[in-house]
Every structure is written in structure tokens, then in C-alpha cells.
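Let us walk through this structure step by step. The route goes from the overall fold to the surface.

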Amino acid sequence: MAQGVLCEVNSCRFWGEQNKCKADSIYIVNHSSKRADHSAETDCKTFEMK
Ligand code: SF4
């Protein structure tokens with residue numbers, strides 16, 4: 001499990017109770033391949049729909 005990763009995207013198959021991400025590791029990317037200036041412009045590429 002990725003240690004200390006909290007996430008509220010509960011439609012992801014790695015999501016767990018108390019917002020704990022259960023993936024072994026996660027990969028975060030820039031949204032739309034543009035340079036991120038704030039958190040809303042980042043995306044979790046590890047996401048998989050439940
Ligand atoms: S893989 Fe990404 S989207 Fe899915 S629960 Fe973990 S941090 Fe959230």
C-alpha cells in the first residue's frame with residue numbers, strides 16, 4: 001500500500017475506507033500534459049474505475 005496517501009476518489013478500485021489509497025504506488029501527472037500551477041491541475045494516472 002502506498003503509505004500515507006489519502007484520496008477521496010471513491011470510484012477508483014484502489015480506494016479504501018477512511019480515504020486510504022490501497023495501490024502499491026501511485027503515479028501523478030500534469031493534467032492535459034500542461035505544467036501544473038496548482039493541485040487541481042494534477043491527475044492520478046493510477047486511477048482505475050471500480
Ligand atoms: S489510485 Fe489514485 S485515484 Fe485511486 S485511490 Fe489511489 S490516489 Fe486515489
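How many helices and how many strands does the protein have? The model, which is predicted, contains 0 helices and 4 strands. Read from the N terminus, the order of elements is β-β-β-β.

Next come the overall dimensions. The C-alpha trace spans about 30 × 20 × 15 Å along its principal axes. The protein has 50 residues, and 16% of them are buried. Now take the contacts between residues at least 6 apart in sequence. Of these, 23% join residues at least 24 apart.

Then the surface. The protein exposes an accessible area of about 4200 Å². Carbon and sulfur atoms account for 49% of that surface.

What about charge? There are 7 positive and 7 negative side chains in the protein. The centres of the two sets lie 3 Å apart.

The surface also carries a nonpolar patch. Which residues form the patch? They are Val 9, Phe 47 and Met 49. Together they offer about 280 Å² of accessible area.

Look at Phe 47 more closely. Where is Phe 47 found? Phe 47 sits in the segment after strand 4, and that strand covers 42–44. Is Phe 47 buried, partly exposed or exposed? The relative accessible area of Phe 47 is 35%, so this residue counts as partly exposed. A patch member needs over 30% relative accessible area. Phe 47, at 35%, therefore meets that cut-off.

Technical notes:
Residues numbered from 1 in each chain as written. Predicted model: local features only at pLDDT ≥ 70, side-chain atom pairs only at ≥ 80, totals over all residues. Heavy atoms only, no water. Helix = DSSP H or I, 4+ residues; strand = E, 2+ residues; numbered from the N terminus. Buried < 20%, exposed > 50% of the residue type's maximum accessible area, 1.4 Å probe, protein only. Contact = heavy atoms within 4.5 Å. Areas by Shrake-Rupley, 256 points an atom, 1.4 Å probe, with all protein chains shown as cover. Lys, Arg positive; Asp, Glu negative; His and termini not counted. Charge placed at Lys NZ, Arg CZ, Asp CG, Glu CD. Patch = residues over 30% accessible without salt bridge, like charges linked within 9 Å, V, L, I, M, F, W, Y side chains within 5 Å. Salt bridge = Lys/Arg side-chain N within 4 Å of Asp/Glu carboxyl O.
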